[in-house]
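Hi there,

Here is the structure I promised to send over. Please have a look when you get a moment.

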Amino acid sequence: MPELRQSKGHRYFQDTKFRRIHIRALERPYIAQGSSFKEYPDVEKIDLPKDFPKVDADLWTVLQNRRSRRKYSGPALTLEELALLLWSTQGLSAQAGPYFLRTAPSAGALYPIETYLAVDNVEGLDAGLFHFNVKDFRLERLTDMAAGNLVAHAALDQGFIAKASVTFLWSVIFRRNMAKYGHRGMRYICLDAGHICQNLLLAAEALGRSSCPVAALYDDELNDLLGLDGEEESVLYLAPVG
Ligand SMILES: Cc1cc2nc3c(=O)[nH]c(=O)nc-3n(C[C@H](O)[C@H](O)[C@H](O)COP(=O)(O)O)c2cc1C
């Protein structure tokens, strides 16, 4: 199948395999480490509630019932529900030496994924784009415009996204991971993002909410929306919740 072997993805996978005979020789570029936490110091901050709603759902039922759901109606998300979803995806849950560990695993505990929200319909939170400050468990307001339509347009016009109460957008800060893992890091970054999204899907299901992973997107249109340069940090994945 030469056409498969000529694809860039296949080439990347082959080029970044660890092989016992030359694991130490795998070329590792020098990449400076970036800071572990991102924050927007000069914007409005919204503390997230930690009195999460009581959820009466067992893991096995949630696993059985989870589906990618693309119809969003019903009541607005509450701020408490949103806080629980954020905690489920990237909440700090333990400390081990210098490492702050989170609810989703991350290669090398490096946490290269950042979370942004396009909020359209959340009780007690005016619409807008936000950055999730993991360390302080709060939101940082980037804009005060409802952006669901713009996100849907940038996600290959998948109209169902525009109907969500909130869309989670995940970006990657490459150097956080690649300073350690070099070329191979991109594998781990995508795996990290998968863990985070799955936590969201399961938490949404447990809350009786609907969600769907979305990776079909015009990367730089979403980067422009969030003010990301697309080089150091770039949008990778998103998930509407309704
Ligand atoms: C990496 C990834 C990307 C996806 N991208 C999209 C997408 O852009 N649009 C969409 O409607 N569904 C998307 N999905 C959802 C899949 O279509 C869905 O998971 C699949 O049909 C299986 O259905 P289930 O999730 O209900 O089990 C994506 C899923 C994954 C894991």
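Below are some notes on the ligand site and the cores.

This is a predicted model, in which local features need pLDDT of at least 70 and side-chain atom pairs count only at pLDDT 80 or more, while totals for chains, interfaces and linings use all residues. Residues are numbered from 1 along each chain as its sequence is written, and side-chain values use heavy atoms, leaving out hydrogens and water.

Let's begin with the ligand. Its surroundings (residues with a heavy atom within 4 Å) include Arg66, Arg67, Gln158, Phe160 and Tyr237. By class, this shell has seven nonpolar, two polar and three charged residues. Oxygen atoms of the ligand lie 2.5 Å from a polar side-chain atom of Ser68 and 2.7 Å from one of Arg70. Ala216 places a backbone N or O atom 3.3 Å from a ligand oxygen. The protein covers 56% of the 610 Å² of accessible area that the ligand has on its own (Shrake-Rupley method, 1.4 Å probe).

Now to the interior. The largest nonpolar core (buried nonpolar residues joined through side-chain atoms within 4.5 Å, buried being under 20% relative accessible area) has 38 residues, and Leu82, Leu139 and Phe168 have the most contacts inside it. Helix H7 (185-206) is one of the elements giving two or more residues to this core, and its nine residues are the largest share. Beyond four places in sequence, Phe168 is in contact (heavy atoms within 4.5 Å) with residues including Leu82, Leu200 and Tyr237.

Best wishes

Note on methods: Buried < 20%, exposed > 50% of the residue type's maximum accessible area, 1.4 Å probe, protein only. Helix = DSSP H or I, 4+ residues; strand = E, 2+ residues; numbered from the N terminus. Polar contact = N/O pair within 3.5 Å; in protein donor to acceptor, adjacent residues only side chain to side chain. Nonpolar A, V, L, I, M, F, W, Y, C, P; charged D, E, K, R; others polar.
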